[in-house]
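Grab a coffee and open the viewer. Below are a few exercises, each with a worked solution.

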Amino acid sequence: MIPPLSQTCPPQPLGLEAIRSGLRTERLGRTLHLYDRIESTNTTALALAEQGAPEGTVILADSQTQGRGRMGRSWISPPNLNLYFSVVFRPNGDPSRVGLWSLAAAVAAARTIEQVTALPARLKWPNDILVHSRKVSGLLLESAIQSGRVKHLVLGIGLNVNLARNVLPDSLRNSVTSLREELGRDLDRVELFQRLLEQLENQYQSFQTEPPYKVLESYTALSDTLGQSVTVQVPDREWTGQAIGITPAGDLIVQRPDGQQTVFRSGDVVHVRGTHAARD
Ligand code: BTN
């Protein structure tokens, strides 16, 4: 049962000074661009990365007019309420590791939610963050590949912080939530953003230096998908089975009722027994 909401503080503006003063990262957010309104932080970050923006550059916006989600969907991005930001990464490397980074980044987001709110954050493959089976945050990883190598990556994160669920369209109201809805009080977006950048920096360090099984261990511990009956939707098709594992590249392995296994690099997962069939 959701407790009644109390507006404990007026919406806090996102300010560069406040963000910088309590940020304990080495590189992430050291170059920080803050916008009141932008089309999409991912689109701007991709353009800046193309122009040579250093690793760790962050684009943060108070609202987006064309926020983008996975699988060509849009991301609802009203002002004063949530976090919408994108980070430029330049991992030296092999494009086959990009999927693993998207899982590691989801671990960072889930850990931040637990650290700041003590809510139980769980992961729906590949990188949706759920609280009480409803989606509270989503990640969009986009990459530029050149001559078979990753030139740069942009990781975009949308986190519903102080959004009220009743402003959402009917189609999302049951499957989407915010931290405020789950906690019953407003949260400080600046603190969440700072802690999130710190967790991302830690996870990026682990991703760069440790073997894939380490990332998978952390991810698996938070996964709500593994061991579940799932439906995986890919354009024009869907598959049902048991989610039995994740490959070192971050792909999902599903065992179908006839025993055959299918490996998915992308797709939309529905937890068949999940209370709210979190989807968006
Ligand atoms: C998803 O579909 O779950 C991914 C949503 C990602 C949304 C974030 S908000 C900040 C960044 N800019 C965008 O346009 N999208 C990502």
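A residue counts as buried when its relative accessible area is under 20%, as exposed when it is over 50%, and as partly exposed in between. Keep in mind that this is a predicted model.

**Exercise 1.** Work out whether helix α3 is enclosed or not, and check its length.

*Solution.* Start with the burial count: 16 of the 20 residues of α3 fall under the cut-off, so the helix is largely enclosed by the rest of the structure. Next, find what covers it. Helix α3 (residues 98-117) packs on the sheet and touches β3, β4, β5, β6 and β7. Its direction makes about 150° with that of β6. Now the length: at 1.5 Å a residue, the 20 residues should span 28 Å, and the end C-alpha atoms sit 29 Å apart, which agrees. Finally, look just past the helix, where Ala-118 takes a positive phi of about 65°.

**Exercise 2.** Trace the strand order of the seven-stranded open sheet and find its edges.

*Solution.* Walking across the sheet, you meet β1-β2-β3-β7-β6-β5-β4, with mixed pairing. The edges are β1 (32-38) and β4 (121-124), since each of these pairs on one side only. From one strand to the next, the twist averages 20°. For one pair in detail, take β2 (residues 58-64) and β3 (residues 83-89): they run antiparallel and share four bridges. Within that pair, Leu-60 has Phe-85 of β3 as its bridge partner.

**Exercise 3.** Decide whether Ser-218 and Leu-46 are buried, partly exposed or exposed, and list their contacts outside the local sequence.

*Solution.* Take Ser-218 first, which lies in helix α7 (residues 212-222). Its relative accessible area is 18%, so Ser-218 is buried. Setting aside neighbours within four places in sequence, Ser-218 contacts Val-107 and Arg-111. Both of those positions fall in the 98-117 range of α3.

Now Leu-46, in helix α2 (residues 41-50). At 23% relative accessibility, Leu-46 counts as partly exposed. With neighbours within four places again left out, Leu-46 is in contact with Arg-68, Glu-142, His-152 and Val-154. The C-alpha atoms of Leu-46 and Leu-155 are 9.5 Å apart, although 109 residues separate the two along the chain.

**Exercise 4.** Sort the residues of strand β12 by the way they point, and name the residue opposite Asp-268.

*Solution.* Recall the general rule: in a regular strand, side chains alternate between the two faces of the sheet. In β12 (residues 268-271), Asp-268 and Val-270 point one way, while Val-269 and His-271 point the other. All four are buried. Strand β8 (residues 229-234) pairs with β12 in the antiparallel sense over four bridges. Opposite Asp-268 you'll find Gln-233.

**Exercise 5.** Check whether the radius of gyration of the protein chain fits a compact globule, then describe the chain as a whole.

*Solution.* For 280 residues, a compact globule would have a radius of gyration near 19 Å; the chain has 18 Å, which agrees. Its C-alpha trace spans about 55 × 50 × 30 Å along the principal axes. Buried residues account for 54% of the 280. Of the contacts between residues at least 6 apart in sequence, 65% join residues at least 24 apart. The exposed surface is about 12,300 Å², with carbon and sulfur atoms supplying 48% of it. For the final tally, the chain has seven helices and 12 strands.

Technical notes
Residues numbered from 1 in each chain as written. Predicted model: local features only at pLDDT ≥ 70, side-chain atom pairs only at ≥ 80, totals over all residues. Heavy atoms only, no water. Pairing = 2+ DSSP bridges. Helix = DSSP H or I, 4+ residues; strand = E, 2+ residues; numbered from the N terminus. Axes fitted to C-alpha atoms, helices over the stretch in contact; angles between N-to-C directions. Contact = heavy atoms within 4.5 Å. Rg over C-alpha atoms; globule rule 2.2 N^0.38 Å. Buried < 20%, exposed > 50% of the residue type's maximum accessible area, 1.4 Å probe, protein only. Areas by Shrake-Rupley, 256 points an atom, 1.4 Å probe, with all protein chains shown as cover. Expected span 1.5 Å × (residues − 1).
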